[in-house]
Amino acid sequence: MAKAANVFVFFNCDGDKNESSMNIFYNNTIYKDTKTSRKVLLKKVMEELEAKRVQISEENLKQVETLITEGNPTEASNFIQFGAIKSFECF
């Protein structure tokens, strides 16, 4: 059987990150766990920040970038208000 790989999805959500506020029909881009896809995920988060649909404090921007590009992208959610990154296994 094929080994499962992680994929990531960015969601816009409410301030409490309730899963009921995360709409897969609105946020449906899936990002593979590769350097290239992680850069595209970071670009998406920065676009959402620029459009003021999410909030990230200035002092946490570098941390968010590092977690998305080199660490565990889901941990970047701790620094993003009105947005979350979820991880899913994909076969």
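**Exercise 1. Determine which residues R38 contacts in this predicted model, leaving aside its neighbours within four places in sequence, and decide whether R38 is buried or exposed.**

Solution. Begin with the position: R38 belongs to helix α1. Next, list the contacts. Once neighbours within four places in sequence are set aside, R38 touches F8, K32, D33, L67, I68, T69, E70, G71 and P73. Finally, assess accessibility. The relative accessibility of R38 is 9%, and the cut-off for a buried residue is under 20%; R38 therefore counts as buried. The structure is a predicted model.

**Exercise 2. Identify the buried residues of helix α2 and state where they lie around its axis.**

Solution. Helix α2 spans residues 61-69, and V64, L67 and I68 are buried in it. These residues cover an arc of only 95 degrees around the axis, so they lie on the same side of α2. The next step is to find their packing partners: the buried residues of α2 pack against α1 (35-50) and β3 (83-90).

**Exercise 3. Describe the geometry and composition of the packing between α1 and α2.**

Solution. First, take the angle and the separation: the two helices pack at about 150 degrees, and their axes are 8 Å apart. Angles over 145 degrees count as roughly antiparallel, which means that α1 is roughly antiparallel to α2. Second, consider the handedness: α1 passes α2 in a right-handed crossing. Third, list the residues that make the contact. Helix α1 contributes R38, L41, L42, V45, M46 and L49, while α2 contributes L61, V64, E65, L67, I68 and T69. Sorted by class, this contact comprises nine nonpolar residues, one polar residue and two charged residues.

**Exercise 4. Locate K52 and F82, and specify the sign of phi and the exposure of each.**

Solution. As background, most residues other than glycine have a negative phi. K52 is not a glycine, yet its phi is positive, at about 65 degrees. K52 is situated in the loop between α1 and α2 and is exposed, with a relative accessible area of 71%. F82, likewise not a glycine, has a positive phi of about 70 degrees. F82 lies in the loop between α2 and β3 and is partly exposed, its relative accessible area being 29%.

**Exercise 5. Place D16 in the fold and relate it to N27 in sequence and in space.**

Solution. D16 occurs in the loop between β1 (5-12) and β2 (30-32). Its relative accessible area is 64%, and D16 is exposed. D16 and N27 are 11 residues apart in sequence, and their C-alpha atoms are 17 Å apart in space.

Conventions
Residues numbered from 1 in each chain as written. Predicted model: local features only at pLDDT ≥ 70, side-chain atom pairs only at ≥ 80, totals over all residues. Heavy atoms only, no water. Buried < 20%, exposed > 50% of the residue type's maximum accessible area, 1.4 Å probe, protein only. Helix = DSSP H or I, 4+ residues; strand = E, 2+ residues; numbered from the N terminus. Arc of directions from axis to C-beta. Contact = heavy atoms within 4.5 Å. Axes fitted to C-alpha atoms, helices over the stretch in contact; angles between N-to-C directions. Parallel < 35°, antiparallel > 145°, perpendicular 65-115°, else oblique. Left-handed = near helix turned anticlockwise from the far one by under 90°. Nonpolar A, V, L, I, M, F, W, Y, C, P; charged D, E, K, R; others polar.
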